[in-house]
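Trainee: Could you take a close look at one part of this protein with me? I would like to understand the aromatic pairs and what surrounds them.

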Amino acid sequence: MFQVTFQNHVTEIEDYLDIYLKNKSRDCILYSEDGGEFKIHKELFGQTNFLRKILATFNDQCCGIMEVFCPCSKDELRHLVGFLYSGEIQCEKESDLVEIIYNLKKVFDFPYNLGMQGHRNRYNLIERQSGR
C-alpha cells in the first residue's frame, strides 16, 4: 500500500477544523464528467491559488451552494475529495498514486511534489507521464 501525505496540510488546525466542519452543512457540490456528485465544504478551496480564485468568483453568493464541474471521472474525483479533506493519498498501486497526483495537478493545480521530500523519482515519473 502507498500512502503520501501533503506536508503543507496545516496539522495545527486539523482538530479544530474537523469539529467546525462537522457542525457546518456542506455548501459546495463538485461534479465529475460522468455525473458523480460530491458535497463538500467551501473551506477546502483555500488550499491552492487556483482553488482560491474559484472561491473568489463566488464571493457575492456567500450563502448559496457553490457548484464546480471537474474534468475527471467519479472515481478520480473521489480520491481528490479525500485528499482535500485529509491531505493524504492512500492507494494500493503506484500507478494509482501517479494518476491521483496527476489529477490533483490537472484539476486543482496542486504541485506534483505536494511539498514532500525523498520521493523525487516518483515525481520525475509523473512529470514524464503527464508530458510536463
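Mentor: Among contacts in the protein with a separation of 6 or more, 62% join residues 24 or more positions apart. Keep in mind that this is a predicted model. The aromatic pairs you ask about are examples worth following through the chain, and a search of the whole structure finds two of them.

Take the pair of Y31 and F69. Their ring centres are 4.9 Å apart and their planes stand at 20°, which is under the 30 degrees used as the limit, so the pair is stacked. Y31 sits in strand β2, residues 28–31, while F69 sits in strand β4, residues 66–69, so the pair ties together parts that are 38 residues apart in sequence. The two partners have opposite surroundings: Y31 is buried, with a relative accessible area of 14%, whereas F69 counts as exposed at 65% relative accessibility.

The other pair is F83 with F110. Here the ring centres lie 5.1 Å apart and the planes are at 90°, so this pair is edge-to-face. F83 belongs to helix α3, residues 74–86, and F110 to the loop between α4 (94–108) and α5 (120–130), so the pair ties together parts that are 27 residues apart in sequence. F83 is buried, with a relative accessible area of 0%, and F110 counts as buried with 0% relative accessibility.

Now to the strands that carry Y31 and F69. An open sheet is formed by three strands in the order β3-β2-β4, with mixed pairing. β3 and β4 stand at its edges and have a single partner strand each, so one side of each is left without a neighbour in the sheet. On average, neighbouring strands of this sheet are turned by 20° against each other, direction ignored. Between β2 and β4 the pairing is parallel and runs over four bridges; along it, I29 stands opposite E67 in β4.

Helix α3, the home of F83, comes into this picture too. α3 lies across β2 and β3, and it runs at about 10° to β3. One residue to click on is L77: leaving aside its neighbours within four places in sequence, L77 is in contact with L30, Y31, S32, F38, C70, C72 and F108. That list includes Y31, the buried member of the stacked pair.

From there you can step into the nonpolar core. In soluble globular proteins, nonpolar side chains tend to be buried together. The largest nonpolar core here has 29 residues, and those with the most contacts inside it are L30, I40, F45, L77, I89, L104 and F108. Two or more residues each are given to this core by β2, β3 (37–40), α2 (49–56), β4, α3, β5 (88–91) and α4. The largest share, six residues, comes from α4.

To place all this in the whole chain, the protein has five helices and five strands, which run β-α-β-β-α-β-α-β-α-α from the N terminus on. Of its 132 residues, 36% are buried. The accessible surface comes to about 8,000 Å², and carbon and sulfur atoms account for 49% of it.

Terms used:
Residues are numbered from 1 along each chain as its sequence is written. This is a predicted model: local features need pLDDT of at least 70, side-chain atom pairs count only at pLDDT 80 or more; totals for chains, interfaces and linings use all residues. Side-chain values use heavy atoms; hydrogens and water are left out. Buried means under 20% relative accessible area, exposed over 50%, partly exposed in between (1.4 Å probe, protein chains only). Contact means heavy atoms within 4.5 Å. Accessible areas come from the Shrake-Rupley method with a 1.4 Å probe; for residues, only the protein chains shown count as cover. Rings of Phe, Tyr and Trp (its six-membered ring) pair if their centres lie within 6.5 Å; planes under 30 degrees apart count as stacked, over 60 as edge-to-face and the rest as tilted. A nonpolar core is a set of buried Ala, Val, Leu, Ile, Met, Phe, Trp, Tyr and Cys residues joined through side-chain atoms within 4.5 Å. Two strands pair if DSSP finds at least two bridges between them. Axes are lines fitted to C-alpha atoms, for helices over the stretch in contact, and angles run from 0 to 180 degrees between N-to-C directions.
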